[in-house]
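Biologist: Please put the model up, and I will ask about it piece by piece.

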Amino acid sequence: MRLPVSAFHIGGVIPIQKVIENFKHELIKDEKAFGLFKVSPQSWIYIKNYGSVVFVNCSVEQQETTLKGFIDTSFELEKLPQEDYWIDVKEGVEFKVGFSNIRVPRIDDDIIHVIALNIAQSVALEDFQMQVTSLLELTRSFSNDLDQKGTLAINRKEVRRLVGKTMVLKNKIAENLFVFDTPDIAWSEQHLSTLDKQLKQELEIFKRHQGLQLNLEVVKENLDLFKDILQHRHSSTLEWIIIILIAIEIIHIFIP
């Protein structure tokens, strides 16, 4: 048996308690940060509060209908941050995670929980990485102008706005994306612990998170440098204004 898995990140917080109250599907597991729902005997939906939704063996229509409940504006499914995998279920095989493929000897709610959690983290990391890359490219373009032209094509207000955007993104990652998050059941079940470790290793959860943090630090250092340059420019301008005003006063003294 082969089950398709599609994960999306909608870029906003999902109120899990509200979802539980209004969702029509059977609730299998839930905590403050997630809900796992069974659509049919071989179909699940996993919702994580930081904006990830994972569909296991669900139709495209089911995916679109579910996501419409979380996204206020119109959207195109293929334009959302997305990751796709396959779960191959074959009796007697060992748990094995490969490229876009997860092999398991059986399927149950706990196995789905472990798989969905890790893929939810992975697609969220992908979305955050795209946002950080966009900020990095923007600051790099200003750095190139500084290198080639000796001028900075940005003002203090724009720098403050970018600083705010960077800090909001950094806080969002720190507060909502728990890369060390592991289902409690995985601590007591050996096969689930093995599956969780393999998924984290294959998806490079830790490395990608570290890369995010490093790129954010580079963005912050660039913005701090831009801020210092603009502050120096502003101070120099004020100094020249003061010098000119003093010169005018002196001229008025000697030439009434």
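Biologist: Which residues does His25 touch, leaving out those up to four places away in sequence?
Modeller: This is a predicted model. His25 sits in the loop between helix H1 (16-22) and strand E2 (26-31). Beyond its sequence neighbours up to four places away, His25 touches Phe37, Lys38, Val39, Ile45 and Gln62.

Biologist: Is His25 buried or exposed?
Modeller: The relative accessible area of His25 is 14%. Buried means under 20%, so His25, at 14%, is buried.

Biologist: Which side chain is joined to that of His25 by a polar contact?
Modeller: The contact spans 3.4 Å. The partner is one of the buried residues of helix H2 (residues 60-68). The side chain joined to that of His25 is Gln62.

Biologist: Why do the buried residues of H2 lie on the same side?
Modeller: The buried residues in H2 are Gln62, Gln63, Thr66 and Leu67. They lie on the same side of H2 because they cover an arc around the axis of only 125°.

Biologist: Which strands do the buried residues of H2 pack against?
Modeller: The face turned away from the buried side carries exposed Glu61, Thr65 and Lys68. The buried residues of H2 pack against strands E1 (2-9), E3 (34-40), E4 (43-48) and E5 (52-56).

Biologist: Which element gives the most to the lining of the largest pocket?
Modeller: The largest pocket holds about 230 Å³ of space. Its lining includes Lys18, Val19, Asn22 and Thr66, and by class has seven nonpolar, three polar and one charged residues. With three residues, the element that gives the most is H1.

Notes: Residues numbered from 1 in each chain as written. Predicted model: local features only at pLDDT ≥ 70, side-chain atom pairs only at ≥ 80, totals over all residues. Heavy atoms only, no water. Buried < 20%, exposed > 50% of the residue type's maximum accessible area, 1.4 Å probe, protein only. Helix = DSSP H or I, 4+ residues; strand = E, 2+ residues; numbered from the N terminus. Arc of directions from axis to C-beta. Contact = heavy atoms within 4.5 Å. Polar contact = N/O pair within 3.5 Å; in protein donor to acceptor, adjacent residues only side chain to side chain. 1 Å grid on protein atoms, 1.4 Å probe; cavity = no way out; pocket = protein on both sides within 12 Å on 5 of 7 lines; lining within 4 Å. Points joined across faces, edges and corners; volume = space filled by probe spheres on them. Nonpolar A, V, L, I, M, F, W, Y, C, P; charged D, E, K, R; others polar.
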